[in-house]
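Hi everyone, thanks for making time. I'd like to walk you through one structure today, so have a look at it on the screen before I start.

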Amino acid sequence: KWMADGAMLNDAILGEYNGDGHMKMIRFKGVLAMLAMAEALFSMPAHAGKTLDGIRSRGQVVCGVHTGLVGFSAPDASGRWMGLDVDICRAIAAAVVGDPAKVTYVPLTAQQRFTALQSGEVDVLSRNTTFTLSRDASMGLLLTAVTYYDGQGFIVPARSGIRTTRQLKGQKVCVQSGTTSEQNLSDYSSARGLGIQPVLFEKEEAATAAYFGGRCSAYTSDASGLASIRSRQSAKPTDHTILSELISKEPLGPLVRRGDDEWYAIVKWVIHGLIEAEEHGITQARVEPMKSSSQDPVVQRILGATEDTGKMLGLDRDWMVRALKATGHYGEIFERNVGPKSPLALPRSLNRQWTDGGLMYAYPVR
């Protein structure tokens with residue numbers, strides 16, 4: 001254990017107990033040298049990492065997305081990819097290559113998504129994917145940060161009269177295979193003795209078509225996905241009811257490959273930066289004015305006005321400025337893509353800021 005008497009610091013002396021009651025004296029200048037060395041190590045720029053090197057070489061971030069889930073990742077009428085998951089990719093591209101348009105989107109099915117990431121076909125998987133132990137511990141992947149807190153639900157025909165999950169006892173329920181929804185349905189049915197009959201489909205499109213075609217009494221997936229499917233595939237959305245009960249926790253967010261800690265840190269901190277920016281009111285329209293005029297030390301740090309946090313990630317000091325100018329903060333991304341004024345009209349609910357009773361709690365950018 002180290003002991004120092006504040007009054008003795010001017011004498012450049014520190015004491016170390018030897019364990020026998022005697023104190024061994026060492027010169028304070030040696031300690032100062034060690035402290036200076038430690039500070040230098042902690043402030044050194046990060047090595048870019050092989051993934052970031054590849055991105056800079058090709059000038060594009062390759063982002064794995066859903067094949068078409070309105071509100072999260074789907075092409076619009078002109079072929080431009082839109083959605084919450086897409087905006088995360090755009091923010092990452094803005095931070096690392098300086099342009100949110102420099103993204104190549106690779107649409108992936110549930111069965112393709114992990115192989116595509118593991119093989120290096122994509123740099124990041126931003127595809128409404130649930131964080132689970134098995135995906136984190138056994139697939140060579142890393143979970144970055146939650147971008148949407150969800151739960152699994154059921155959609156049923158309004159005319160069916162089904163209003164609770166108990167009424168699904170013995171019923172056929174369409175579900176996509178190879179997803180957490182399949183296992184959750186089985187677990188839920190077994191635990192409650194409901195005897196639900198799962199009808200499995202490899203592709204989501206086939207599962208939803210079977211439901212809308214009347215082959216199943218219900219279709220089950222993440223509640224946000226059900227809202228997207230109802231909005232996109234039903235001629236009259238009010239003909240279908242999403243049950244209020246949720247049967248699981250589904251924290252969704254981007255994944256990256258193991259083995260490149262630098263890239264993992266970049267993706268994670270871009271997301272936390274977007275969330276913390278909302279907490280401090282840094283909107284898309286106010287980025288530049290706040291950078292030059294805000295007296296808030298946290299705002300100044302996030303925007304690189306006082307500290308260069310980018311160098312610790314292998315980026316420049318304006319990395320978050322570019323990300324926020326490209327997409328706005330997390331709340332703006334949510335509102336634009338899935339919020340009450342969007343076609344999905346989803347409530348903010350668990351995805352509110354922690355200061356508003358939600359679960360969005362950013363790691364501090366400092």
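Let's begin with a pair of strands: β11, residues 152-157, and β14 run antiparallel to each other and are joined by four bridges. When I say helix or strand, I mean DSSP runs, H or I of at least four residues for helices and E of at least two for strands, numbered from the N terminus. And two strands count as paired if DSSP finds at least two bridges between them. Within this pair, Q152 sits opposite D222 in β14.

A quick word on where this comes from. This is a predicted model, with local features needing pLDDT of at least 70 and side-chain atom pairs counting only at pLDDT 80 or more, while totals for chains, interfaces and linings use all residues. Residues are numbered from 1 along each chain as its sequence is written, and side-chain values use heavy atoms, with hydrogens and water left out.

Back to the strands. Which sheet do they belong to? An open one of five strands, in the order β13-β12-β14-β11-β15, with mixed pairing. At the edges are β13 (197-201) and β15 (240-242), each of which pairs on one side only. From one strand to the next, the twist averages 30 degrees; for angles, axes are lines fitted to C-alpha atoms, for helices over the stretch in contact, and values run from 0 to 180 degrees between N-to-C directions.

On the other side of β14 is its link to β12: those two run parallel, with two bridges. C174 has Y219 in β14 as its bridge partner. Then β12, residues 172-176, pairs with β13 in the parallel sense over five bridges, and there V173 is partnered by P198 in β13.

So is β14 buried or exposed? Five of its five residues are buried, so β14 is largely enclosed by the rest of the structure. Buried here means under 20% relative accessible area, exposed means over 50%, and partly exposed is in between, using a 1.4 Å probe and protein chains only.

Now for the empty spaces. The search uses a 1 Å grid over the protein atoms alone: a cavity is a set of points where a 1.4 Å probe fits but cannot get out, a pocket is an open set with protein on both sides within 12 Å along at least five of seven lines, and lining residues have an atom within 4 Å of a point. Grid points are joined across faces, edges and corners, and a volume is the space filled by probe spheres set on the points.

How many cavities of 30 Å³ or more are there? The count is two. The largest holds about 190 Å³ of space. It has 18 lining residues, and N128, T179, S181, S221 and D222 lie nearest its centre. You've met D222 already, opposite Q152. β14 gives the most to this lining, with four residues, and the lining splits into three nonpolar, ten polar and five charged. For those classes, Ala, Val, Leu, Ile, Met, Phe, Trp, Tyr, Cys and Pro are nonpolar, Asp, Glu, Lys and Arg are charged, and the others, Gly among them, are polar.

The second largest cavity has a volume of about 30 Å³. Among the residues lining it are H66, R127, Q176 and K203.

On to the pockets. The largest has about 400 Å³ and 25 lining residues, with D150, G151, A223, L246 and S349 nearest its centre. Helix α8 provides the largest share, four residues, and by class the lining has 14 nonpolar, six polar and five charged residues. The second largest pocket has about 270 Å³ of space. Its lining has 18 residues, of which T132, T180, Q183, N184 and E250 are the closest to its centre. Here α6 gives the most, with five residues.

Last stop, helix α9. Its 19 residues, 261-279, should span 27 Å at 1.5 Å a residue, and the end C-alpha atoms are 27 Å apart, which agrees. The expected span is 1.5 Å times one less than the number of residues. Of those 19 residues in α9, 15 are buried. After α9 comes G281, whose phi is positive, near 75 degrees.

That's my tour, thanks for listening!
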